[in-house]
Amino acid sequence: MNKQILGIHHITAIAGDPQTNLDFYAGLLGLRLVKLTVNFDDPGTYHLYYGDGVGHPGTILTFFPWPSAPKGRHGTGQVSETAFAVAENALNFWIARLTERRVAFTGPVERFGDKVISFSDPDGMRVELVATRIAPPDRVWEAGPVPAEFAIRGFHSATLREADHRATAGLLTDTMGFQLAAQDGDRFRYALDSGSPAAIVDVVRAPGERPGRVLVGTVHHIAWRTPDDRQQGEWLAELTRRGYGVSPVMDRKYFHSIYFREPGNTLFEIATDPPGFAVDEPQAELGSHLVLPAWLEPQRAGLEAVLPPLRLPQAAEVAQS
Ligand code: ZN
């Protein structure tokens, strides 16, 4: 095989109020807002990208904030939990921080040798922190509100919830290069040997559970990393040959994307590592102002009039310095 999935590229979810989302992920969890832009398919709404200081693939959690949309429903055919990696000694810090901010959490519980705490974001999306020795220390936002030694270090993994896990497992192992690494009851852990962070996905078997509905508080899709356009083209060809309905390549400005549904109905994307988030603003300024693709620049004044104003964490830091 001359093409390889490296790990998780990004996870995209639907939020309600954008300021509440920003306060939670940048303010409380300490991620960097690495891109403030609009939804290219619906430019009257934001698209918020969070990540480490650079916006490395494998650290990127993005949201479409839709303040007037209804709540989604958790269930099968979804990414049910998004798990971030933290250092092994970081859990007491996070337990204290979540307690102080009155965020209810469960755990720590032991999962495949790591300790995990679980909580929900303000819209009900499920988030986990996994204290693990494989948390890469160079995947942090060092200038964020959380001390670097305890800060989130990109994704650890994601959990897919499936009524019947077998066909999904087949896609992961027969096509995408994962191997079954561990099993505990209804939880199956698949891993890539790419040597990259965030190379783990858990599949939880939940027979008889009703399908989820993707709206506020749920994950919209999960994207997997491919190093370049050539390999992405090979994935497009192979997935098509295997009978998946795959989208054409789409230019998402910061990466190029193809989309398809895995057999359990979760939307998968394969996204290129390049060009990355510094393509339209300097790294030092990532996320500090609204950026638009060239085709939307003529509409900037109109869009800024309809988009709700946001209090940006970086702007606050500049004002204080
Ligand atoms: Zn995506």
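For the charge count used here, Lys and Arg are taken as positive and Asp and Glu as negative, whereas His and the chain ends are left out. Under that convention, the 30 positive and 38 negative charges of the protein have mean positions that lie 4 Å apart. The structure is a predicted model. It comprises 321 residues, and its radius of gyration of 19 Å agrees with the value near 20 Å that a compact globule of this length would have. Its secondary structure consists of six helices and 16 strands.

**Overall dimensions and packing**

- Taken along the principal axes, the box filled by the C-alpha atoms of the protein is roughly 50 × 45 × 35 Å.
- Of the 321 residues in the protein, 56% are buried.
- Among contacts with a separation of 6 or more, 67% are between residues 24 or more positions apart.
- The protein has an accessible surface of about 13200 Å², and carbon and sulfur atoms contribute 52% of that surface.

**Salt bridges**

- The count of salt bridges comes to 21.
- One of them pairs Arg126 with Glu81, with 3.8 Å between the closest N and O atoms. Arg126 belongs to strand 8 (residues 126–131) and Glu81 to strand 5 (residues 78–86), so this salt bridge ties together parts that are 45 residues apart in sequence.
- The two partners fall into separate burial classes. Burial requires a relative accessible area under 20%, so Glu81 counts as buried at 12%. Arg126, at 30% relative accessibility, counts as partly exposed.
- Lys115 and Glu110 form another salt bridge, with an N to O distance of 3.5 Å. Lys115 is partly exposed at a relative accessible area of 43%. The cut-off for exposed residues is over 50%, and Glu110 therefore counts as exposed with 54% relative accessibility.
- A salt bridge also joins the side chains of Glu209 and Arg161, at 2.7 Å from N to O. This pair links distant parts of the chain, 48 residues apart: Glu209 sits in the loop between strand 12 (200–205) and strand 13 (219–226), and Arg161 in strand 9 (residues 155–162).
- Glu209 counts as partly exposed at 29% relative accessibility, and Arg161 counts as partly exposed at 21%.
- A network of salt bridges links Lys35, Lys253, Asp280 and Glu281.

**Backbone geometry**

- Gly107 and Pro108 are joined by a cis peptide bond with omega of about 5 degrees. Pro108 is part of strand 6 (residues 105–111).
- A cis peptide bond is also present between Pro274 and Pro275, where omega is about 5 degrees. Pro275 is located in the loop between strand 16 (267–272) and helix 5 (300–306).
- Although Arg102 is not a glycine, it has a positive phi of about 60 degrees. Arg102 lies in the loop between helix 2 (91–100) and strand 6, and its relative accessible area of 76% places it in the exposed class.
- Lys253 likewise has a positive phi, of about 70 degrees, and is not a glycine. The loop between strand 14 (250–251) and strand 15 (256–261) contains Lys253, a residue that also takes part in the salt-bridge network with Lys35, Asp280 and Glu281.

**Helix 3 and its surroundings**

- Helix 3 spans residues 165–175, and its buried residues are His165, Thr168, Ala169, Gly170, Leu171, Leu172 and Thr175.
- These buried residues of helix 3 pack against strand 9, strand 11 (187–191), strand 12, helix 4 (229–241), strand 15 and strand 16.
- Strand 9, one of these packing partners, also holds Arg161 of the salt bridge with Glu209.
- Gly177, just after helix 3, has a positive phi of about 95 degrees.

Technical notes. Residues numbered from 1 in each chain as written. Predicted model: local features only at pLDDT ≥ 70, side-chain atom pairs only at ≥ 80, totals over all residues. Heavy atoms only, no water. Helix = DSSP H or I, 4+ residues; strand = E, 2+ residues; numbered from the N terminus. Rg over C-alpha atoms; globule rule 2.2 N^0.38 Å. Buried < 20%, exposed > 50% of the residue type's maximum accessible area, 1.4 Å probe, protein only. Contact = heavy atoms within 4.5 Å. Areas by Shrake-Rupley, 256 points an atom, 1.4 Å probe, with all protein chains shown as cover. Charge placed at Lys NZ, Arg CZ, Asp CG, Glu CD. Salt bridge = Lys/Arg side-chain N within 4 Å of Asp/Glu carboxyl O.
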